[in-house]
Amino acid sequence: MVNYKDLGLVNTREMFKRAIAGGYAIPAFNFNTMEQMQAIVMAAVETKSPVIMQVSKGARNYANGTILRNLAKGAVEYAKELGCEHPEIVLHLDHGDSFELCKECIDNGFSSVMIDGSSLPYEENIALAKKVVEYAHQFDVTVEAELGVLAGVEDEVSAAESHYTKPEEVIDFSTRTGCDSLAISIGTSHGAHKFTPEQCTLVNGVLVPPPLAFDILHEIEKKLPGFPIVLHGSSSVPMEEVNTINKYGGHLEAAIGIPEEQLREASKSAVCKINIDSDSRLAMTAAIRKHLAEHPGDFDPRQYLKPARENMKKMYIHKIVNVLGSDGKLAQC
Ligand code: G3H
Ligand code: 13P
Ligand code: ZN
């Protein structure tokens, strides 16, 4: 058994309380590689922000769970080395799809887990989340559960269509599961193609997607005052990165994300965790494509991974400072 506290990690409880009271959101960035981890830590330290580093089942398959856990341990030490004496870093399992996977992560140093039973019938979702909560809380590990279905691929969990969270279910669900935070579906979705062009409106030559269902979010907030709400699928899919990818040989058509203005608005509400993965993938790929196109003779990975890391760091800082507002929010520096 590896306890997260021995790795210098924290759970989400206190940071979520502060985020709701302060009207900002904590960034939850997915990571699969050392370069992503370094960029996340550099960005969090420079902006003095708490941060959630999250690992999907796919990331564990790609990079190995033990390696990722040790990268997170390294992240705490690296943050201190960069001058942050009291970093607040959460190691979170993203879209856990079984009790066994959540238990394995809890037993191996994760400070927070998500159990995603959103595709299950309501009562089964409750039973599964409750079982994970009962186990996790013995070790002071926090648990995110999900109600409502997001469209897109969520690792092993995938859905063609989204189903908004039903506000009338949230009190029963959160009370009976005992979960610490609730992921809801209000119109976000995973990946870089969140909307079809037909779903968007053309404004000054730019495709503007339909707004998120803020009415549902506000109804949920009324039912669960002060309860931490999570938004998945919150990449904005910056056109600048998409254009760079396409300019240097990529082929990403009709990539559309969530406008940052809407995420800024959500951050001021009970939404206190915002998940971003695709924007990091785009930032990394754009920088690598550009570098290799401009330096066709380079073959040392450090030559193209360094600008990739810089570009991701820039994106993470932008999200923290200009979208989520979690800069300067460490309890102690
Ligand atoms: O929600 C999905 C995340 O973006 C993780 O994606 O399962 O491909 O690692 P992944
Ligand atoms: P994006 O694909 O919008 O980055 O969403 C990531 C996510 O929700 C991870 O759980
Ligand atoms: Zn997600």
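Colleague: What makes the pair formed by ligand 2 and the side chain of Ser235 a polar contact?

Modeller: An oxygen atom of ligand 2 is 2.6 Å from an N or O atom in the side chain of Ser235. A polar contact is a pair of N or O atoms within 3.5 Å, so the pair qualifies. This is a predicted model, in which local features need pLDDT of at least 70, side-chain atom pairs count only at pLDDT 80 or more, and totals for chains, interfaces and linings use all residues. Residues are numbered from 1 along each chain as its sequence is written, chains are lettered from A and ligands numbered from 1 in the order in which they are written, and side-chain values use heavy atoms, without hydrogens and water.

Colleague: Which backbone atom of the protein lies 2.8 Å from an oxygen atom of ligand 2?

Modeller: That atom is a backbone N or O of Gly191. Asp277 also takes part through its backbone, with a polar atom 2.6 Å from a ligand 2 oxygen.

Colleague: How do you know how much of ligand 2 the protein covers?

Modeller: On its own, ligand 2 has 300 Å² of accessible area (Shrake-Rupley method, 1.4 Å probe). The protein covers 96% of this area. Strands (DSSP runs of E, at least two residues) supply part of the shell: β3 (89-96) and β12 (271-276) are the elements that each give two or more residues.

Colleague: Which residues come nearest to ligand 2?

Modeller: Asp94, Lys194, Ser235, Asp277 and Ser278 come nearest, out of 16 residues around ligand 2 (a heavy atom within 4 Å).

Colleague: Why are His95, His190 and His232 called donors of the zinc ion (ligand 3)?

Modeller: NE2 of His95, NE2 of His190 and ND1 of His232 lie 2.1 Å from the zinc ion. Donors are N, O and S atoms within 2.8 Å of the metal (3.2 Å for Na, K and Ca), so these nitrogens qualify; water is not among the atoms, and sites may look incomplete. The spacing of the donor residues in sequence is H-x94-H-x41-H. His190 lies in the loop between β8 (181-184) and β9 (201-203), and His232 in the loop between β11 (229-231) and α9 (239-247), so the pair ties together parts 42 residues apart in sequence.

Colleague: What makes the space lined by Val41 and Leu330, among others, a cavity?

Modeller: A cavity is a set of points on a 1 Å grid where a 1.4 Å probe fits but cannot get out. The lining of the largest cavity (an atom within 4 Å of a point) includes Val41, Ala44, Val45, Cys84 and Leu330. Helix α2 (residues 34-47) gives the most to this lining, with three residues.

Methods:
A polar contact is a pair of N or O atoms within 3.5 Å; within protein, one must be able to donate a hydrogen and the other to accept it, and residues adjacent in sequence count only if both atoms are side-chain atoms. Helices (H or I, at least four residues) and strands (E, at least two) are DSSP runs, numbered from the N terminus. On a 1 Å grid over the protein atoms alone, a cavity is a set of points where a 1.4 Å probe fits but cannot get out, and a pocket is an open set with protein on both sides within 12 Å along at least five of seven lines; lining residues have an atom within 4 Å of a point.
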